[in-house]
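Please open the structure in your viewer and keep the selection tool at hand. The tour moves from one selection to the next and says what is there at each stop.

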Amino acid sequence: MADSNSTPFYQPEDKVPLPPKNAEVLTTCCDYCVMACGLKVYRWPANGPDGGPKKSQNALNRNYPLRPGQGGWVGPNQFTQATYKGRLHNIAVVADHKARVVNVGGGHSIRGGCIAQKVYNPQKPTQDRLQHPMIRINDILMPVTWDFALDIAAEVSKYVIKKHGESAWALKYFSYQFFENTYALTKLAFKSINTPAVAHHDHPAIVNSVPGWVDIGYDIFSASHEDFALADCLVISGTDPFETKTTLWNTWILKGIHGNNMKVVMINPRKTAGIAYAEKHGGLHLDVNPGSDTVVHLALQRIIMESGWEDKAFIKKWVANAWETDSGFGQGTRNTPWQWRTTWGKFQVKGYEGSPKHFKEWVLSQEESKPEVAAKIAGIDIKKLYQAAEMMAKPKANGERVKTSICIEKGNYWSNNYLNTASIGTLGAILGCGGRPGQVITRLGGHQRGGMSGGKYPGWKSPYKVPGRRRHRMDLDRWLESGHVRFAYVVGTTWIQAMAGSSALQDTFRRLVKLNPNQVRSFDKQTIIDTLKKRVDSGGTVVVNQEIYLRDPIGAQYADIVLPAATWGEEDFARANSERRVRLYSKFYDPPGEALPDWKIAAMFAKKMGFHGYDWKDSNEVFEETCRFSRGSRKDYNAIRVMARRKGMKAHEYLRSFGTTGLQTPLLIFGDKLVETKRLHDYNRTDIPDTGPEGVTITNKRLLAFKTQTGKLNLVKSPWKLWSDFYDFMQPKNDELWISNGRINEIWESGFDDYERRPYTQQRWPMNFIEIHPDDAKKRGIESGDLVAIESKRVPVQTDFNLGVKSDDMWFSGLIKKGHIKLVTGSLSAVAIVTPAVKKGVAFTECLHTSQPVNNITPRVPDPITQNYRFKIATGTVRKIGESHFKHTFAQMTFKRRDIV
C-alpha cells in the first residue's frame with residue numbers, strides 16, 4: 001500500500017458521459033502549438049440524456065470502450081461543463097478522428113488532449129478568470145463598468161498623444177491570437193494613432209525572427225507537413241518537435257523515419273526523447289555549445305563544397321549570379337532593415353562562384369569554416385561534422401541526390417540571430433532546399449499564425465539608428481526604460497518575464513508606475529483622469545492590461561486598469577497554422593462575466609478616443625475586413641471573402657464549411673474553383689496558367705519562385721567576427737555554466753491556462769527545474785531533488801542608444817566602450833535534475849516559468865543587426881541551497897531522464 005510520501009494528490013476521474021446522438025457538433029482547432037490540431041466539440045444540455053457505449057447510441061459513432069489514444073476516445077480531461085446562451089451544457093472536446101490533414105486520425109499532444117480544461121468552469125481551477133473591468137484604487141483592483149474604465153483609458157491616451165506625442169503611446173501585444181484581434185489592435189496603433197512604440201509578445205520590436213532568410217529569399221513558412229515525411233534527410237536545428245510540436249513528430253516525421261528510412265540530424269546542446277529516437281534509427285545529434293551554430297553551418301558548407309556535393313543544377317537555375325545580384329539586390333532608401341543590411345557591404349557576395357568575391361571563395365577563406373576550428377568552438381566531435389555532411393549531401397549509390405529538408409526554431413534564431421539564420425539559409429541553398437517535395441527549408445513555428453496588421457508600421461518615426469543612415473525598428477523595452485513610454489496598452493502577454501533581462505525590466509516598471517507619487521485614491525472619474533495625467537507629466541507610465549487571467553506582476557502589481565478578455569471557444573475566430581492552413585475556431589460557450597473579445601475591446605477603446613472605422617457588429621465583419629489586407633502574403637485568404645459573397649454567405653460561415661481541414665493558403669480563384677497552395681517556392685507547380693488567376697486574387701512571386709528581386713536566392717555572408725565579441729563576453733567564467741532554456745511537452749508557454757490550472761501538470765512540475773550534467777553536479781555537491789540557486793552578477797543590459805556614428809558603435813565591444821551596457825544581477829531558483837542528457841558545461845531550464853523566470857539572467861542586448869533578443873545565451877553559477885520537498889517523495893515530480901526511447 002502506498003504511504004503518504006508516494007500518493008499523488010491528483011486522482012483522475014474514472015468515467016465521463018458520452019455525447020448522445022443528438023449532441024451539437026462544432027469544429028475548432030487546438031489553441032496551443034503551431035500545428036493547430038483539428039478538434040470536434042460535442043455539446044449537449046447538462047440535464048439531458050447522455051450517450052451510450054454502442055455506436056448507435058453516441059455522437060462519435062464509436063463502440064466503447066476504446067483504449068486511450070484510439071481515435072474517438074473521450075477521457076476525463078476532454079470533458080467539462082460550461083454555459084451556452086446562459087444554460088449549463090456538457091462539453092467534450094476531442095481530436096477529430098476523421099481528420100485527414102495535420103493530426104491525421106485524431107492525434108494530439110498532452111496539451112491539446114487536455115484543452116477542454118481551458119474552458120471556463122467555476123467549479124474548476126479556471127474559476128479565477130477575469131470577469132469585470134477593474135481600476136486600481138489605493139493599490140486594490142476594484143470592479144467598474146466598461147464605460148468607466150474605457151473613458152479613463154481614452155482620456156489619458158488622448159492627453160498623452162497630444163502633449164507627449166504618439167511615440168509615447170505604446171502597444172505590447174500577442175502577435176498570434178487570431179486575425180480578428182491582432183487586426184483590430186494594430187489598426188488602432190498603426191493606422192489611427194500611428195505610433196512606432198509597438199512590439200510583439202516575444203520581441204522588443206516589430207522584427208522578423210529569421211532575417212537571414214528574408215535577405216536570401218526564403219519564406220519562413222514555405223513547407224507542407226507532408227514534406228517532413230518525404231525527405232531522405234531532415235535537419236532540425238534548435239528544437240525537438242516531439243517536445244514542442246508533438247503531432248508533427250508523431251504523424252509526419254515518424255512516417256518519414258519508418259516509411260522512407262529518413263535520417264534525422266538534430267542540432268541542439270541537450271539530448272531529448274526525439275533526439276534519442278532519431279539516433280536509434282540512424283540519425284545524428286550535433287550537441288553544439290549554445291550560440292555556436294554558425295561555425296557548424298560554415299564547416300558543413302565547406303565539407304560539401306570541397307567534396308563536390310552541392311546541388312549544382314539547383315544553384316545554376318535558382319541562385320542569383322553576380323549580375324543578377326547587382327541588378328537589384330541591395331537597392332533602397334536604407335530605411336527598412338533588409339534595405340540597409342543589403343547595402344552595407346558586409347553581407348553581399350557576387351553569386352556562388354565564377355566571379356570575384358563569390359560565395360564559395362568567401363566560405364573557404366573563413367578560418368571558422370575549417371572543420372577542426374568549428375568543432376573546437378562548438379565543442380563537438382569533428383567526425384560528426386563529416387557524418388552530418390554525408391547524410392545531407394553525399395549522392396546515393398545510384399548517383400541520385402539526397403533529398404534534404406531543413407527546419408529551425410528558437411534554439412537556432414534566438415541566440416546568434418542574423419548569422420545563424422543566414423548561414424543555415426545558405427546551407428539550404430547549396431543543398432537545393434526549397435520548393436520541392438521533401439526538399440524544403442522552413443521554420444517549424446511556435447505559436448499559431450494569427451497575425452494580421454491593420455496598418456503599416458511607421459518605421460521612419462523610430463529614433464534608433466545604426467551607422468550609415470540605417471534605421472532600426474523601435475526597441476520598446478529600451479524606449480520604456482528611458483522614460484519615453486507614458487501610456488502602455490499591454491494585451492495578452494506577461495511582458496516582464498517574457499523579455500530578456502527581466503529583473504531590470506521589472507525595476508523599470510516599479511520606478512515608472514509604483515514609485516511615482518501620483519497614485520489613484522478616489523473613485524471620482526475626473527480625479528482619476530487628473531491623477532494619471534499628473535503621473536505621465538512627471539515622467540511616469542500608465543498601464544492598461546487586457547487579459548483572461550490576472551497575471552503577476554504586469555496585471556496584479558502594475559496595471560492601473562485591467563480589462564477582461566474573451567478567448568478561444570468564446571467567440572468565432574480564424575487563424576492559420578504552420579503549413580498556412582486557415583480554419584475557423586468556433587464559439588461553443590459563453591465567456592465569463594462581462595469579458596469581451598479583444599477586437600471588441602479595441603473597437604470600443606478606439607471609438608472613445610474619437611477614431612472612426614470600428615463599427616463592426618461581430619467578429620465576421622472584422623474577419624471580412626482583414627481579408628483584403630491578407631492579399632499578397634503567405635496567408636492570402638482574400639478568396640474566402642470573395643467566394644462567400646458569391647454564395648451569399650458570411651466569410652466565417654463559408655470557412656466553417658471546410659471543418660477541421662480548412663484551406664491551405666495562399667488561395668487563388670479560377671472561375672468557380674478555389675485553388676489551394678501546398679508549398680511555397682514551388683517552381684514545378686503546373687496548376688496556375690500563364691494568364692494567372694482572377695483579378696481578385698494574386699499570384700505573388702513566392703508561389704512559383706523565391707522572394708527576391710530576381711526570383712532567385714541571394715547568397716549572403718555570415719562573418720563570425722560580428723558575433724565573437726559578445727560571445728566571448730558571454731562564455732562561462734570561473735564556476736559558471738551555460739544556462740540554456742526551452743519548452744517541454746507538458747507545459748505551454750507561461751503555463752497561464754495549463755500548468756497553473758491543471759492538477760496533473762502541477763503534480764508533474766510543481767516547480768521549475770534545471771537539468772545539470774553529473775560531472776557538473778558532482779563538482780557542486782548537487783543531487784537530483786536539491787533546490788538550487790542560479791545566479792549571474794553580469795547580466796548585460798543595453799541602455800538607451802539611438803544614433804550610431806562609426807561602424808564599431810553598434811557592436812558589443814563598442815557599446816561597452818561608449819558606456820551603453822550596464823551589468824545587473826539576476827537570479828532564480830529551481831529543482832535540480834542530474835542527467836547526462838544535457839551537455840557537460842551546459843544546464844537547461846524551462847523557458848517561461850513566471851515565478852522562477854530564467855529571463856532574469858538572459859542578456860538584454862539585442863542582435864545589433866536585427867533587434868532580436870538572444871534568449872538562449874545565458875551564463876550563471878548554480879549552487880545548492882538545500883533539499884527540496886520533492887527529493888524524498890514520489891507524490892510529485894520525477895527525476896528520471898527524458899531522453900528515453
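Which residues in α22 are buried? In α22, the buried residues (under 20% relative accessible area, with a 1.4 Å probe and protein chains only) are D598, W599, I601, A602, A603, M604, F605 and A606. This is a predicted model, in which local features need pLDDT of at least 70 and side-chain atom pairs count only at pLDDT 80 or more, while totals for chains, interfaces and linings use all residues. Residues are numbered from 1 along each chain as its sequence is written, and side-chain values use heavy atoms, with hydrogens and water left out.

Stay with α22, a helix (a DSSP run of H or I of at least four residues, numbered from the N terminus). Because eight of its 11 residues are buried, α22 is largely enclosed by the rest of the structure. Select G610 next, which follows α22 and has a positive phi, near 95 degrees.

Now select the aromatic rings; a search of the whole structure finds 45 aromatic pairs (rings of Phe, Tyr and Trp, the last by its six-membered ring, with centres within 6.5 Å),. One of them joins Y10 and Y760, which are edge-to-face (planes over 60 degrees apart), at 6.0 Å centre to centre and 65 degrees between the planes. Y10 lies in the segment before β1 and Y760 in helix α27, so this pair ties together parts that are 750 residues apart in sequence. Y760 has 35% relative accessibility and therefore counts as partly exposed, a class that runs between the buried limit and the exposed one, over 50%.

Return to α22 and select W599 with W616, whose ring centres are 6.4 Å apart and whose planes stand at 75 degrees, so the pair is edge-to-face. W599 belongs to α22 and W616 to the loop between α22 and α23, so the pair ties together parts that are 17 residues apart in sequence. W599 counts as buried at 3% relative accessibility, and W616 counts as buried at 7%.

For a group of rings, select W720, W723, F726, Y727, F729, W738 and F812, which ring pairs link into a cluster.

Finish with two charges over rings (CZ of Arg or NZ of Lys within 6 Å of the ring centre and within 35 degrees of the ring normal). R43 lies over the face of Y84, at 3.6 Å from the ring centre, and R270 lies over the face of F844, at 3.7 Å from the ring centre.

Notes: Phe/Tyr/Trp six-rings, centres within 6.5 Å; stacked < 30°, edge-to-face > 60°. Helix = DSSP H or I, 4+ residues; strand = E, 2+ residues; numbered from the N terminus.
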